Structure formats: structure tokens, C-alpha cells
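This report is meant for someone meeting the structure for the first time. It moves from the overall layout to particular residues and the contacts they make.

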Amino acid sequence: LVKEMLQRYLSKLVLHYARKYISNIQADLNLSLWGGDVVLHDLELRLDVLQKELKVPAGIQLVRGVIRKLRIHIPWMALQSQPVEITLQSVECVVSTKVDGSRPPTPGTPSVPTTPVPELSGTD
């Protein structure tokens with residue numbers, strides 16, 4: 001009974017923190033955690049939370065953030081002697097500068113306005 005209560009408590013705790021930073025966390029993660037290991041791929045980070053937590057300067061905007069691989073290991077049978085491990089592999093962040101308070105560019109578009117280059121003619 002105590003073990004089940006502890007499992008429920010730790011699962012809720014892990015999910016609470018995961019949902020704080022990750023926008024597309026799966027609802028069935030709780031069931032996977034009961035097995036002790038879960039590996040998730042291509043998780044979108046919550047940019048509003050990261051912007052605030054990292055204290056990103058006013059002139060910089062987070063455009064996109066992705067965790068390519070997240071592994072959570074909970075040693076249910078040895079919680080007193082082994083740590084809970086959370087491993088992040090390949091965290092990618094796209095950052096741009098804000099221009100006159102405008103919206104950040106969408107991924108794949110230039111973040112700074114470009115000026116057309118005049119065409120050069122072959123005659124002098």
C-alpha cells in the first residue's frame with residue numbers, strides 16, 4: 001500500500017514538472033512511469049515558461065525549443081538507495097532578435113529584415 005502511494009505521488013510530481021516545461025507531453029506518461037523507464041522523443045518546449053525562467057533579455061525572443069530525447073528512470077524497488085534520473089539528449093533552441101516589438105519570425109524565415117542588393121551592370 002505504501003509503495004503504491006509513493007508511486008502515485010512520484011508519478012504526479014514528475015508529470016507536474018514535465019508539463020510545466022513541455023507543451024505536448026503525453027497523457028499516458030503516468031502508465032509508462034509505473035514500469036520505471038520512459039523515453040519520449042521530439043517534445044516541444046513551452047517558450048513562455050522558458051523565456052521567464054531563463055530571464056531572456058527583452059531584445060531576444062525564443063522562437064522554438066525541442067527536446068529530441070527525454071529519458072526518465074525511476075528505480076521503484078530501490079528509491080532509498082538509487083536516484084531518479086532524468087536525461088535530456090539534444091535540446092535545440094531557435095532564438096531571434098526582436099525588431100521594433102514585432103512578432104518573432106516563423107522558423108525558416110530570416111529574423112532580420114533584408115535589403116535588396118542593386119543589380120550590377122556590365123557597362124561603366
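A salt bridge is taken here to be a side-chain nitrogen of Lys or Arg within 4 Å of a carboxyl oxygen of Asp or Glu. In this predicted model, the side chains of E85 and R71 meet that description, with a distance of 3.7 Å from N to O. Because E85 belongs to strand β3 (residues 85-97) and R71 to strand β2, the pair ties together parts that are 14 residues apart in sequence. E85 counts as partly exposed, with a relative accessibility of 35%, and R71 is likewise classed as partly exposed, at 28%. Through salt bridges that share partners, D37, R71 and E85 are joined into one network.

**Overall layout**

The chain has three helices and three strands, and, read from the N terminus on, its elements follow the order α-α-β-α-β-β. Of its 124 residues, 27% count as buried, while the accessible surface comes to about 9,100 Å², of which 57% belongs to carbon and sulfur atoms. When contacts between residues at least 6 apart in sequence are considered, 53% of them join residues at least 24 apart.

The strands are paired in an antiparallel manner: seven bridges join β1 to β2, and 12 bridges join β2 to β3, which also run antiparallel. Within the first of these pairings, L43 has I67 in β2 as its bridge partner; within the second, G65 stands opposite C93 in β3.

**Salt bridges**

Side chains of opposite charge can pair when their charged atoms come close. The structure holds seven salt bridges in total, and the table lists three of them, including the pair already described.

| Salt bridge | Closest N to O distance |
|---|---|
| R64 and E44 | 2.8 Å |
| D48 and R46 | 3.5 Å |
| E85 and R71 | 3.7 Å |

For the bridge between R64 and E44, with its closest N and O atoms 2.8 Å apart, the partners come from distant parts of the chain, since R64 sits in strand β2 and E44 in strand β1 (residues 37-44), 20 residues apart. Both ends of this bridge are partly exposed, R64 having a relative accessibility of 31% and E44 one of 25%. In the bridge between D48 and R46, R46 is also partly exposed, at 29% relative accessibility.

**The nonpolar core**

The largest nonpolar core has 17 residues, and those with the most contacts inside it are I22, L40, L43, I67, L70 and I72. Helix α1 (2-21), strand β1 and strand β2 each supply at least two residues of this core, and β2 gives the most, with four residues. Two of the residues named here, L43 and I67, are also the bridge partners mentioned above.

**Two buried residues**

Is V66 buried or exposed? V66 lies in strand β2 (residues 60-73), and its relative accessible area is 2%, so it counts as buried, the limit for that class being under 20%. Leaving aside residues up to four places away in sequence, V66 touches D42, L43, E44, L45, S90, V91 and E92. The C-alpha atoms of V66 and V94, which are 28 residues apart along the chain, are separated by 9.0 Å.

What does the side chain of Q51 reach? Q51 lies in helix α3 (residues 47-53), and its side chain reaches the backbone oxygen of I60 at 3.0 Å. With a relative accessible area of 17%, Q51 falls under the 20% limit and therefore counts as buried. The residues touched by Q51, again not counting those up to four places away in sequence, are V56, P57, I60, Q61 and L62, so that I60 appears both as a contact of Q51 and as the residue whose backbone oxygen the Q51 side chain reaches.

Technical notes:
Residues numbered from 1 in each chain as written. Predicted model: local features only at pLDDT ≥ 70, side-chain atom pairs only at ≥ 80, totals over all residues. Heavy atoms only, no water. Buried < 20%, exposed > 50% of the residue type's maximum accessible area, 1.4 Å probe, protein only. Contact = heavy atoms within 4.5 Å. Pairing = 2+ DSSP bridges. Core = buried A, V, L, I, M, F, W, Y, C linked by side-chain atoms within 4.5 Å. Polar contact = N/O pair within 3.5 Å; in protein donor to acceptor, adjacent residues only side chain to side chain. Areas by Shrake-Rupley, 256 points an atom, 1.4 Å probe, with all protein chains shown as cover.
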